[in-house]
Amino acid sequence: MTATPPNPTDWSHDFDHYDPAYAADPYSVWREMRATCPIGRSDTFRGMWVPVRHADIEAVARDTAHFSSRSPLVAEFGAMSDFGIEVPPISSDPPYHTAFRSLLLPFFAPGRIDALEPAIAAHADRRIDAFVERGTFDGSVDLAQHIPVAVIAGMLGIPDEDGDRFRRWVHLLLEVAPTDMGVAATNLIEFNLYLQDQIARRREQPGDDLVSFLLGAELDGRPLTDQELFGGCLLLLMAGIDTTWSAIGASLWHLALHPEDQHRMRTDPSVWPSAIEELLRAYAPVTMAREVVADVELGGCPMKAGDPLLLPFPAANRDPEAFADPDRVDLDRARNRHLAFGVGIHRCLGSNLARLELRVTLQRVLERVPPFHLADPGAVTWSRGQVRGPRVLPLAFDPA
Ligand code: HEM
């Protein structure tokens, strides 16, 4: 990515993860902050703190006594839980977190996830069929965005055709709602109405899906409340869709810009395991958030209870203190303890699923689509906010 100067924003004092300059090039922002502060602040987001060093980010993620997960999104208007919106386990702290996470574990068991491989390959093939004769495709619009939606639709037991509504909710809830309370309220109500209908159907006729699973689940010997059912389903929508969409899109973007890596992955199956981890490290899409719940000092900064804190795991993955030559994508990188899926008690429950979707989709593309490049580099756009990935990604097949 080109090194666009991040100014006029003063990133150390007025950090804004919605700034288009940050979406276009967060790497130079992190470099500048690491060299100057290295924990940023932002008055726009209620005095939010922003660590960018690997060591600080890992320390926060592991310290649940001082940093609560009660608001995994930083919004201008307050913490999610101030408005009664819970998305357990991602928005909860121990001991409740431990119990809710344990309840979900069987649903994400490796055997259950591995069994999804043929369906994921079929989803990818269906999308590739639509453009493989055309010579051009949009890696995000025609392909990446559809795969996780189809998978989550299957997990929730809802029809594929509802995918567009899901993508719209995800976009509005994650990219627009944190700076627009009206959009947050309208879309949460809409999703709730949709879900209530699905829950009523599953009560009548249970299936092998998350709604039925949650309806039959027990937490400390009691059934889940309506709010927990809603939160558990909203979680899949918020955690499972634009995250994986972004990881697939960013990997296609990288391969389009780096023909040597594309060729390597087409011809050398042995590189795949390390290549997938390296693509996840370099283009980690997910930034989380915490709220300070007890006064604490981090990196020399006095943090007060109630302060929001942004937790950019992607910045940790580019820290030269933790990774040699971090801005170079090295498909053979052997030591790669990246934080794309977080660290500590909230480490991603869907990581095996995300890796599977990324690997299978890239495999189908590289097997079926001829070598490709960026058709129009200037037309590429990246999402803003806490999940970053390409949203417009025009690609063209190389001339024969
Ligand atoms: C490339 C794709 C993905 C990335 C990069 C990613 C990243 C993350 C990260 C960084 C966290 C840690 C949250 C924190 O520390 O506060 C997390 C948690 C979580 N993720 Fe993912 N995720 C991805 C895909 C998925 C998918 C596909 C699902 C499920 C369908 C999923 C479900 C979850 C859940 C349930 C949690 C909460 C775990 C807990 O709080 O104990 N994720 N994810």
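**Exercise 1. The three-stranded sheet**

Task: In this predicted model, work out in what order the three strands of the open sheet lie and which strands stand at the edges.

Solution: Begin with the order, which is 4-14-11, with antiparallel pairing in this open sheet of three strands. Strand 4 (136-138) and strand 11 (372-374) each have a single partner strand and stand at the edges, so one side of each is left without a neighbour in the sheet. From one strand to the next, the twist averages 30 degrees.

Next, trace the pairing residue by residue. Strand 4 and strand 14 (residues 394-397) are joined in the antiparallel sense over three bridges; aspartate 138 stands opposite proline 394, and threonine 136 has alanine 396 as its bridge partner in strand 14. Strand 11 is likewise linked to strand 14 by three bridges, running antiparallel, and here leucine 374 has leucine 395 as its partner.

**Exercise 2. The hairpin of strand 1 and strand 2**

Task: Describe how strand 1 (residues 39-42) is joined to strand 2, and determine which residues of strand 2 (residues 48-51) point one way and which the other.

Solution: The two strands run antiparallel and are joined by four bridges, among them the one that pairs glycine 40 with valine 50 of strand 2. Five residues lie between the strands of this hairpin, where arginine 46 takes a positive phi near 55 degrees.

For the side chains, recall that in a regular strand they alternate between the two faces of the sheet. In strand 2, Met48 and Val50 point one way, whereas Trp49 and Pro51 point the other way, and all of them are buried.

**Exercise 3. The shell around the ligand**

Task: Find how many residues surround the ligand, and which helix gives the most to the shell.

Solution: The shell holds 27 residues, of which Gly240, Gly342, Cys348, Gly350 and Ala354 are the closest. Two or more residues come from each of helix 12 (226-240), helix 13 (242-257) and helix 17 (351-368), and helix 12 gives the most, with four residues. Sorting the shell by class yields 19 nonpolar, seven polar and one charged residues.

**Exercise 4. The largest nonpolar core**

Task: Identify which residues touch the most other members of the largest nonpolar core, and which helix supplies its largest share.

Solution: Among the 103 residues of this core, Ile152, Cys233 and Leu237 touch the most other members. The largest share, nine residues, comes from helix 12. To follow one of these residues outward, take leucine 237: setting aside residues up to four places away in sequence, it touches Ile152, Phe166, Trp169 and Val170.

**Exercise 5. Valine 211 and its surroundings**

Task: Decide whether valine 211 is buried or exposed, and list which residues it is in contact with beyond its sequence neighbours.

Solution: Valine 211 is found in helix 11 (residues 210-216). Because 23 other C-beta atoms lie within 10 Å, valine 211 is buried, the cut-off for that class being 20 or more. When neighbours within four places in sequence are left aside, the contacts of valine 211 are Leu156, Gly157, Gln198, Ile199, Arg202 and Cys233. Its C-alpha atom is also separated by 9.7 Å from that of isoleucine 158, although the two residues are 53 residues apart along the chain.

**Exercise 6. The cover over helix 15**

Task: State which residues of helix 15 (residues 272-282) are buried, and what covers them.

Solution: The buried residues are Ala275, Ile276, Glu278, Leu279, Leu280, Arg281 and Ala282. Their cover includes helix 13, helix 14 (259-267) and helix 17.

Definitions and conventions: Residues numbered from 1 in each chain as written. Predicted model: local features only at pLDDT ≥ 70, side-chain atom pairs only at ≥ 80, totals over all residues. Near = placed C-beta within 6 Å. Nonpolar A, V, L, I, M, F, W, Y, C, P; charged D, E, K, R; others polar. Buried ≥ 20, exposed ≤ 12 C-beta atoms within 10 Å, placed from the backbone. Pairing = 2+ DSSP bridges. Axes fitted to C-alpha atoms, helices over the stretch in contact; angles between N-to-C directions. Core = buried A, V, L, I, M, F, W, Y, C linked by C-beta atoms within 7 Å. Contact = placed C-beta atoms within 7 Å.
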